[in-house]
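Please open the model in your viewer, with the sequence panel beside it, and keep the selection tool at hand. The tour goes from one selection to the next and says what is found at each stop.

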Amino acid sequence: MIIGVPTETLTAEYRVGLLPENVQQLVALDHQVVVQSGAGEGVLATDADYLGAGATVVPDAPAVFQQAELIVKVKEPLPSEYALLQSHHTLFTFLHLAANRVLTQALVGSGCTAIGYETITDNKGRLPILQPMSAIAGRLAIQVGAHCLEKYAGGRGILLGGVLGSSPGRVVVIGAGVAGTEAMTLALGYGAEVVVFEANPQRVAELNDTYAERIQVYSIDEAILFEQVTNADLVIGAALIPGAKTPQLLPASWLSQMKSASVLVDVAIDQGGCFSTSTPTTHDNPTRLVDGILHYAVTNMPGAVPLTATQALTQKTMPLIMDIANAGVTVALRQNSHLAAGVNVFEQAVTQSAVAQAHGITYASIDSFLT
């Protein structure tokens with residue numbers, strides 16, 4: 001199979017779909033890999049590194065798409081790439097379609113097979129490819145939140161962990177999945193006061209058992225959430241419904257009741273965001289001030305640490321890429337129900353029910369195409 005790796009086009013996105021060592025593995029199995037020139041610069045991989053691994057390096061994205069059957073990316077295609085997708089392509093990348101109707105329509109119209117990293121499952125019902133990126137985003141949420149609280153960054157001018165003679169910052173984490181748990185753990189490490197909200201009663205019980213007196217844990221309750229958010233210095237939005245649009249839990253009316261220059265970090269912005277006042281931002285311009293509250297809503301937070309993120313991502317994606325390359329996409333989907341769970345678009349049909357529901361589009365089960 002011919003596998004294509006284009007350069008990511010999202011602003012300040014430095015991750016790459018495959019590293020040179022991944023290319024070498026695929027080439028050793030007699031597959032061809034076509035890499036766009038400069039695709040690996042953000043992870044310190046040169047064109048010469050890819051050539052040495054056995055790839056063909058081409059000058060631009062059209063050349064990649066023209067030759068390749070399997071397109072391996074990190075982030076969803078942008079409008080400049082829509083016309084490059086054709087019916088013989090399998091697109092393997094993060095998609096987050098529930099928050100993007102235009103992209104959904106473009107993928108359906110192209111006739112390509114679109115597999116979203118964020119909806120691939122494992123035998124325990126987890127999301128193994130999303131997991132390491134969520135872990136990175138959760139840790140970064142505290143790191144960037146602490147920075148945003150600094151006065152010169154526009155924040156309240158407090159040290160998140162405090163020091164002798166001062167009070168520590170108060171952090172509210174909404175959602176205790178992978179990202180929320182990493183954020184909570186790092187906030188504790190900073191020495192902050194931590195409050196966690198979680199919808200799953202079993203997870204609430206687990207957190208209470210594990211952390212006892214170290215954190216406050218609540219089920220999602222609007223009155224309690226309002227009380228805690230309006231007394232917080234930093235709020236992390238990390239709620240997730242797999243494949244679906246994120247529920248917006250903080251209405252705009254709450255901002256006027258919050259501490260001046262407090263910070264909201266919306267880890268869930270890829271899926272629409274936890275806060276009604278969030279709009280996507282970039283690493284080049286990561287924050288915006290809304291009613292005196294600093295909002296951080298970068299859509300590709302792990303892109304800030306592209307080498308770490310790409311290493312973690314490709315460790316999870318490579319076994320599946322090799323399955324697709326070795327067997328062909330349809331056979332690979334038939335053989336691996338967890339990979340099939342990742343299919344968002346197939347033969348011009350939307351095969352994720354949450355995406356179809358979000359956009360009012362007819363849903364078709366991927367199983368109906370594979371049986």
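What follows is a walk through a predicted model, beginning with a sheet and ending with salt bridges.

**The sheet**

Begin by showing the strands as ribbons and look for an open sheet of eight strands, whose order is E3-E2-E1-E4-E5-E6-E14-E15 and whose pairing is mixed. At its edges stand strand E3 (56-58) and strand E15 (349-350), and each has a single partner strand, so one side of each is left without a neighbour in the sheet. As background, the strands of a sheet pair through backbone hydrogen bonds, and they do this either parallel or antiparallel.

Now select E5 and E6 together, which run parallel and are joined by four bridges. If you pick Phe92, its bridge partner in E6 turns out to be Ile115.

**The aromatic residues**

Keep Phe92 selected and add Phe94 and Tyr117, since these residues form one aromatic cluster. The structure has five aromatic pairs in total. In one of them, the rings of Phe94 and Tyr117 have centres 5.0 Å apart and planes at 85°, which is over the 60 degrees required, so the pair is edge-to-face. This pair links distant parts of the chain, with Phe94 in the loop between strand E5 (90-93) and helix H5 (101-110), and Tyr117 in the loop between strand E6 (113-116) and helix H6 (130-148), 23 residues apart. Are these two residues, Phe94 and Tyr117, buried or exposed? Both Phe94 and Tyr117 are buried.

**Around Glu76**

Next select Glu76, which you will find in the loop between strand E4 (70-72) and helix H4 (79-82). Leaving aside residues up to four places away in sequence, Glu76 touches Glu81, Thr93, Phe94, Leu95, His96 and Leu103, so that Phe94 from the previous stop comes into view again. The side chain of Glu76 is also joined to that of Lys75 by a polar contact of 3.5 Å. With a relative accessibility of 14%, which is under the 20% cut-off, Glu76 counts as buried.

**The salt bridges**

For the last part of the tour, show the charged side chains, among which the structure holds eleven salt bridges. Select Glu13 and Arg15 to see one of them, where the side chains meet at 2.8 Å, N to O, and where both Glu13 and Arg15 are buried.

Move on to helix H8 (residues 201-211), where Glu206 and Arg203 both lie, three residues apart, or about one turn of the helix. Glu206 forms a salt bridge with Arg203, and the closest N and O atoms are 3.2 Å apart. Glu206 itself is partly exposed, with a relative accessible area of 34%.

Then select Asp233 and Lys259, whose side chains meet in a salt bridge of 3.3 Å, N to O. This pair links distant parts of the chain, because Asp233 lies in the loop between helix H9 (222-229) and strand E10 (234-237), whereas Lys259 lies in the loop between E10 and strand E11 (263-266), 26 residues apart. Which of the two terms, buried or partly exposed, applies to Lys259? At 25% relative accessibility, Lys259 counts as partly exposed, while Asp233 is buried, with a relative accessible area of 5%.

Finally, select Glu8, Lys73 and Glu81, which are joined into one network by salt bridges that share partners.

Technical notes:
Residues are numbered from 1 along each chain as its sequence is written. This is a predicted model: local features need pLDDT of at least 70, side-chain atom pairs count only at pLDDT 80 or more; totals for chains, interfaces and linings use all residues. Side-chain values use heavy atoms; hydrogens and water are left out. A salt bridge is a side-chain nitrogen of Lys or Arg within 4 Å of a carboxyl oxygen of Asp or Glu. Buried means under 20% relative accessible area, exposed over 50%, partly exposed in between (1.4 Å probe, protein chains only). Helices (H or I, at least four residues) and strands (E, at least two) are DSSP runs, numbered from the N terminus. Rings of Phe, Tyr and Trp (its six-membered ring) pair if their centres lie within 6.5 Å; planes under 30 degrees apart count as stacked, over 60 as edge-to-face and the rest as tilted. A polar contact is a pair of N or O atoms within 3.5 Å; within protein, one must be able to donate a hydrogen and the other to accept it, and residues adjacent in sequence count only if both atoms are side-chain atoms. Contact means heavy atoms within 4.5 Å. Two strands pair if DSSP finds at least two bridges between them.
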